[in-house]
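Dear colleague,

I am passing on the structure below, together with some notes on what turned up in it. Please read the notes with the structure open beside them.

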Protein chains: 2
Amino acid sequence: MPTNGRHAVGAGALLAILRDGQPRTRGELARLTGLSRSTVSQRLDALIGSRWVVEDEGAISSGGRPASMFTFNGGARVVLAADLGATRARLAVLDLGLDVLAEQVTGLPVDLGPEPVLGAVATSLRHLLATAGRDPAQVCGVGIGLPGPVEHRTGRPVNPPIMPGWDGFPVPERLRELLGERPKERPGDQPRDRPGEWPGAPVLVDNDVNVMALGEHWAARPAVDHLIYIKIGTGIGCGIISGGRLHRGARGAAGDVGHIRVPASGAPCRCGNTGCLEAVAGGASMAAALREAGADARGSKDVVALMRAGDPLATRLVRQAGREVGTVMAAIVNFFNPSVIVLGGDVAEAGEQLLAGVRETIYSRSLPLATQHLGIRTGELGDRAGVVGAAVMVVEHVLDPATIDEATGERPACIAAR
Amino acid sequence: MPTNGRHAVGAGALLAILRDGQPRTRGELARLTGLSRSTVSQRLDALIGSRWVVEDEGAISSGGRPASMFTFNGGARVVLAADLGATRARLAVLDLGLDVLAEQVTGLPVDLGPEPVLGAVATSLRHLLATAGRDPAQVCGVGIGLPGPVEHRTGRPVNPPIMPGWDGFPVPERLRELLGERPKERPGDQPRDRPGEWPGAPVLVDNDVNVMALGEHWAARPAVDHLIYIKIGTGIGCGIISGGRLHRGARGAAGDVGHIRVPASGAPCRCGNTGCLEAVAGGASMAAALREAGADARGSKDVVALMRAGDPLATRLVRQAGREVGTVMAAIVNFFNPSVIVLGGDVAEAGEQLLAGVRETIYSRSLPLATQHLGIRTGELGDRAGVVGAAVMVVEHVLDPATIDEATGERPACIAAR
């Protein structure tokens with residue numbers, strides 16, 4: 001049986017109480033945790049030292065003598081987030097309340113390889129941070145979504161099919177280095193203020209659909225325990241929330257639904273198998289079918305544009321793609337019994353035409369108990385699901401009591417490099 | 001974002017440390033938890049009062065003066081477990097190490113209805129407890145697996161198809177009453193010792209495949225994070241472990257894979273749909289096919305017996321059932337990426353003939369990353385998976401620090417009625 005490995009009660013328990021924003025005295029914190037006052041003081045010192053908590057001397061205790069109050073200092077911290085797609089990247093600075101303070105969308109083909117891509121990401125993130133008027137020392141952590149499988153523990157891509165040169169690349173270590181490099185001065189540049197030192201904030205990496213699932217799960221609050229985010233773009237994949245936590249699977253390979261076989265299709269797939277969902281319902285396959293019929297369609301966005309323009313073949317393809325996705329999801333609904341299925345990705349911009357096909361098949365093939373309260377809808381965050389989710393991944397990591405306690409000397413993980 | 005709702009550190013944290021069996025002093029416990037010594041003493045008093053912990057005065061501290069040592073008292077407690085099937089029940093008494101102290105298998109058709117069935121269960125459990133030489137006051141909790149959907153929070157069956165009269169029945173409350181009733185004395189009986197009072201131990205209920213998954217997950221230790229237990233008997237269903245925890249789904253309906261559609265089958269299913277997995281690979285459907293061919297087969301066990309006797313149709317049916325199960329599981333492997341798939345139920349007794357079909361399809365249809373380290377095997381506990389799993393459910397509940405802390409007055413939940 002799993003045991004709770006963390007017995008000691010450290011700074012994390014104090015932060016878990018204080019993050020509601022309410023100021024509290026040492027005495028209140030001791031009473032709420034059962035910790036001795038000296039332990040509380042010691043842990044508070046660590047949190048104040050790392051700027052997670054601020055002390056306010058002004059309050060008056062019931063005895064008339066001023067008692068120090070301690071408050072969570074979340075507003076002073078920011079998260080950097082990057083959502084890398086096949087050809088575009090979205091980069092953002094967010095506060096701990098997940099509000100976007102600055103963001104940028106830029107063309108950045110991931111197949112350029114890790115050095116140029118991460119270099120561009122670091123430059124843009126530094127620039128956005130300055131735009132938001134924040135300092136590197138305020139950065140709590142960096143979250144990255146990549147368009148391929150990632151070993152989350154190490155942050156390294158694992159045989160990513162559309163990312164040549166990235167296999168096993170140490171993304172967190174290299175990005176931390178790149179963020180820490182001072183911008184090169186060109187001859188003739190005026191001397192200028194140096195940016196603050198990078199504090200070695202942790203860099204967390206996961207695949208794009210996992211971070212999108214985290215983002216939509218956060219957006220779907222109050223708590224939805226079991227959510228499936230399915231991204232239908234060039235390819236098809238999904239992110240899974242089970243019991244409020246990301247389910248990554250034994251090898252981090254969970255959610256690879258694009259290569260599930262759908263009945264009555266023998267279409268060849270880029271994976272080498274035939275009859276895969278992606279080969280009939282992915283944006284690339286639909287665009288290919290439209291090109292064969294003489295239309296000008298290079299990718300998912302063109303398929304949706306043609307459908308919106310009333311092209312009958314594009315409309316039929318999108319509707320049928322919805323049914324094929326629905327066939328696979330019907331089985332998954334019986335197996336997993338989610339509360340919500342969120343559709344995202346470029347093809348999901350087709351909206352009702354796609355949803356109708358998905359719903360039609362799920363309702364006809366899944367069990368009534370599992371579909372009675374099932375929500376099937378498009379995402380609430382749209383294109384921002386990735387950067388918001390990447391920030392959620394960082395915030396959950398750095399505010400986790402276990403992370404804070406386990407970091408050496410009980411300094412929050414946002415100080416200790418990951 | 002989910003926050004850790006439990007901030008205070010109570011008896012549960014002490015028990016989480018002590019359950020490794022190592023004796024410890026008050027000072028050690030204060031140091032390990034950060035709690036004040038007076039808080040530790042207070043929490044220890046509660047644990048000693050409820051017999052979870054025993055005090056040993058004999059040890060010598062470094063200062064020469066004897067320091068009391070405190071030890072987990074797991075051996076003194078037992079769990080009662082019942083695994084109810086359609087026609088048979090297995091009942092057992094287990095200790096907290098999950099060793100079976102006494103057990104019984106008995107014919108008990110669940111469609112007799114809740115009153116006679118729970119009455120028989122209570123009588124048998126009381127009898128088994130006496131056989132094991134234990135007292136009702138030692139009972140920590142009661143775990144029940146039922147052959148139908150159960151709302152775990154309340155322990156009530158939800159529209160169970162093969163359990164007439166059980167829908168919404170308050171199983172925990174009624175079983176607690178029945179266990180607390182003194183056995184009726186018949187005229188002429190000699191006066192005898194009264195059994196100890198029933199302490200109102202919690203009764204936890206879940207569906208049979210969920211408790212079997214818990215049992216096999218426990219047996220598969222060291223930790224397997226993601227496990228699927230699939231029971232192939234008259235019907236087909238599965239229990240799911242995600243991240244070490246049971247995944248029940250939004251409505252407790254997760255794991256209902258028996259009604260997932262399989263390609264190229266239009267066989268009518270008892271659920272009202274056609275082409276369900278259960279309608280081609282369930283024991284009932286195979287037995288029906290054998291009867292049509294003139295064989296004497298009433299259920300799953302007869303199918304397996306005929307296969308073992310060399311009947312070519314039975315062998316072909318079992319092999320094909322394996323392939324059909326494999327088709328569904330191949331999709332689930334891509335979606336969920338489990339570490340292990342465990343096959344159980346009467347049809348799984350066919351062993352290699354079934355496994356071969358399952359493996360053949362999964363390996364041909366799932367992604368290499370997901371199957372590289374995937375274990376596909378029959379259960380380690382055999383028929384005992386249900387009672388062991390029911391006991392795991394109880395032990396995890398009563399030893400959960402949150403349960404212990406949340407019970408009123410910090411008395412362990414095994415004392416406070418659920």
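In chain B of this predicted model, B:Val79 of strand 4 has B:Leu94 as its bridge partner in strand 5, while in strand 7 of chain B the bridge partner of B:Val79 is B:Gly141. These pairings belong to two sets of bridges: strand 4 of chain B is joined to strand 5 (residues 88-95) by seven bridges, with the two strands running antiparallel, and to strand 7 (residues 139-146) by six bridges, with the two running parallel. Strands 4 and 5 of chain B are also linked by a hairpin, which passes through three residues.

Are the residues of strand 4 of chain B buried or exposed? Seven of the seven residues of this strand (residues 78-84) are buried, so the strand is largely enclosed by the rest of the structure. B:Val78, B:Leu80, B:Ala82 and B:Leu84 point one way from the strand, whereas B:Val79, B:Ala81 and B:Asp83 point the other way, and all of them are buried.

In chain A, you may want to look at helix 11 (residues 352-365), whose 14 residues reach 20 Å from the first C-alpha to the last, close to the 20 Å expected at 1.5 Å a residue. Its buried residues are A:Leu354, A:Leu355, A:Gly357, A:Val358, A:Thr361, A:Ile362 and A:Arg365. Because these residues cover an arc of only 165 degrees around the axis, they lie on the same side of helix 11 of chain A. As a general point, an α-helix has 3.6 residues a turn, so residues three or four places apart point the same way. What covers the buried residues of helix 11 of chain A includes strand 11 (227-232), helix 10 (312-336) and strand 14 (340-344) of chain A, along with helix 12 (368-371) and strand 15 (375-378) of that chain.

On the cysteines, the structure holds zero disulfides over all chains. A:Cys276 is in no disulfide, and the nearest cysteine sulfur, that of A:Cys271, is 3.6 Å away, whereas a disulfide would need the two sulfur atoms within 2.5 Å. A:Cys276 counts as buried, at 0% relative accessibility, and A:Cys238 is buried as well, with a relative accessible area of 1%.

Finally, how are the two chains related? Chain A can be laid on chain B with an RMSD of 0.1 Å by a turn of 180 degrees and a shift of 0.0 Å along the axis. The two copies are thus related as by a two-fold rotation axis. The same surface serves both copies, in that 100% of the contact residues of chain A recur in chain B.

With best wishes

Conventions
Residues are numbered from 1 along each chain as its sequence is written. Chains are lettered from A and ligands numbered from 1 in the order in which they are written. This is a predicted model: local features need pLDDT of at least 70, side-chain atom pairs count only at pLDDT 80 or more; totals for chains, interfaces and linings use all residues. Side-chain values use heavy atoms; hydrogens and water are left out. Copies are superposed by least squares on the C-alpha atoms of residues with pLDDT of at least 70 in both. Contact means heavy atoms within 4.5 Å. Helices (H or I, at least four residues) and strands (E, at least two) are DSSP runs, numbered from the N terminus. The expected span of a helix is 1.5 Å times one less than its number of residues. Buried means under 20% relative accessible area, exposed over 50%, partly exposed in between (1.4 Å probe, protein chains only). The arc is that of the directions from the helix axis to the C-beta atoms. Two strands pair if DSSP finds at least two bridges between them.
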